[in-house]
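Morning, everyone. I have one structure to go through today, and I will keep to the parts I think are worth your time. Please look at the model while I talk.

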Amino acid sequence: MLRKALKQFQLGVKSPRQAARVLASEAKMRAGIRTLRSLELAVTWICNLDCEFCYAEDLMKAQQKPPHMPVDEVARVTREAHELGLIHVNVTGGEPMVRKDIYDVVDAIPKDVVVSLVTNSTLLTEEKIDRLKEAGLSTIQMSYGSYYLKSFKRDLARYCVEKGISVTLSVVNIESERENIQNAFAMAEEDDFSVLFNYPMIYNNVGLDSEYYWKMRYHPRCREDNLFWSGKDRCPAGTHKLYVTNDGDVMTCDRIHAIYGNVHEEPLSVIHKRMYDQFIKHKSFCLLETCDKQWEENNKRSGRNYSKELVGTNHDPFNVFEGTKLMEGTVPGSTLAQQMHKARAAAANRPENQPAPASR
């Protein structure tokens, strides 16, 4: 674990100010002090691709003209999160690079915070990479796997490293992607990248490739949960990590769309405290898991004994909390969110032998 922690620190931190903040955050977390470490920020729902397994498909396609999160709103939300201990912001979407002002978005985030950006790589150029570096980007997460082999450009990834931007190859841990993930680790060793392990959500996926996942999880170049290795086999969603959508809804995770507040209606500090107080009591290896057998294996592998009462359901592929006690404390959220929640509630109450209604 120490080798992994040091490698993640080396790849992520780009300045003495960031280093000091990360180390202080680590100390607070280990002392049991409430702190927000990582923020996923969906700055747009617009995307130039239409991936059949997209974790945000329900949010993206439900909006006729999805708005960008304004730059001043990015600045406000990240300032509030900064006061809560923030060390990492992950700029995501949609595809963030569709925004012509994406450089202003990155620049609006406090400079002692590590900033990463998720991209499918299709819109990247050397000039854009230069501008992202000037704006303060620390890490770029390039989607990698069967669907992205045509758009992934290794020469551009290497160019990022040359310019001082760390590169993470973002993969999904399912068996059909094992060969690609092996190739990603080989590239990571050769080009000084890291590999981000994404735990599969149930939407259009067949479940975790448990064998390879546990074989590689402690590899020094393997990232997971947030930008830094916390040394804990516990899901940080809802406690040390939050997800904020383009319209301000706050969720535990980008792949679990249950809403616990909106930053346009109350301060992020209030929402975070409410979520932290709830989720710090609900320990799990990964809140995305819906399989009892996999839950037990994760417990065994990690040396934990997390209660199976928190295993998610299959009622809604975009919200495994539906039908569980983790829905306590959720709110309707935006107008769009209210519509989705109504559909989820109906799904949760549907008898198992009754087919789901046709999707919109």
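I will start with the sheet, then take the helices, then a salt bridge and two backbone details.

First, a caution: this is a predicted model.

The sheet. There are 10 strands in an open sheet, and the pairing is mixed. Reading across, the order is β7-β6-β5-β4-β3-β2-β1-β8-β9-β10. Which strands are at the edges? Those are β7, residues 222-223, and β10, residues 256-262, and each of them pairs on one side only. As a reminder, strands of a sheet pair through backbone hydrogen bonds, either parallel or antiparallel.

One pair to look at is β2, residues 88-92, with β3, residues 114-119. How do β2 and β3 run, parallel or antiparallel? They run parallel, and 4 bridges join them. If you want a place to put your cursor, His88 stands opposite Val114 in β3.

Now the helices. Helix α8, residues 178-191, lies across three strands: β5 (166-172), β6 (194-198) and β7. Against β6, helix α8 runs at about 150°.

Helix α8 also packs on helix α7, which is residues 154-162. The angle between α7 and α8 is about 40°, and their axes are 11 Å apart. That angle makes α7 oblique to α8. The crossing is right-handed. What makes the contact? From α7 we have Arg154, Arg158 and Val161, and from α8 we have Met187, Glu190 and Asp191. Sorted by type, the contact of α7 with α8 has 4 charged residues, 2 nonpolar and no polar.

Helix α7 has another partner in α6, residues 126-135. Here the axes come within 10 Å and cross at roughly 30°. Angles under 35 degrees count as roughly parallel, so α6 and α7 are roughly parallel to each other. The crossing of α6 and α7 is right-handed. On the α6 side the contact uses Glu126, Ile129 and Asp130; on the α7 side, Leu156, Tyr159 and Cys160. How does the contact of α6 with α7 divide by residue type? There are 4 nonpolar residues, 2 charged and no polar.

Salt bridges next. In general, side chains of opposite charge can pair when their charged atoms come close. A search of the whole structure finds 23 salt bridges. I will show you the one between Arg76 and Glu73, at 2.4 Å from N to O. Where do Arg76 and Glu73 sit? Both are in helix α4, residues 71-83, and they are 3 residues apart, about one turn of the helix.

Last, the backbone. The peptide bond from Gly93 to Gly94 is cis, with omega near 20°. Gly94 is in the loop between β2 and α5, the latter being residues 102-107. The other detail is Ser121, where phi is near 80°, a positive value in a residue other than glycine. Ser121 lies in the loop between β3 and α6.

That is what I have. Questions are welcome, and I can bring any of these places up on the screen.

Technical notes. Residues are numbered from 1 along each chain as its sequence is written. This is a predicted model: local features need pLDDT of at least 70, side-chain atom pairs count only at pLDDT 80 or more; totals for chains, interfaces and linings use all residues. Side-chain values use heavy atoms; hydrogens and water are left out. Two strands pair if DSSP finds at least two bridges between them. Helices (H or I, at least four residues) and strands (E, at least two) are DSSP runs, numbered from the N terminus. Contact means heavy atoms within 4.5 Å. Axes are lines fitted to C-alpha atoms, for helices over the stretch in contact, and angles run from 0 to 180 degrees between N-to-C directions. Angles under 35 degrees count as roughly parallel, over 145 as roughly antiparallel, 65 to 115 as roughly perpendicular and the rest as oblique. A crossing is left-handed if the near helix is turned anticlockwise from the far one by less than a right angle, and right-handed if clockwise. Ala, Val, Leu, Ile, Met, Phe, Trp, Tyr, Cys and Pro count as nonpolar, Asp, Glu, Lys and Arg as charged, and the others, Gly among them, as polar. A salt bridge is a side-chain nitrogen of Lys or Arg within 4 Å of a carboxyl oxygen of Asp or Glu.
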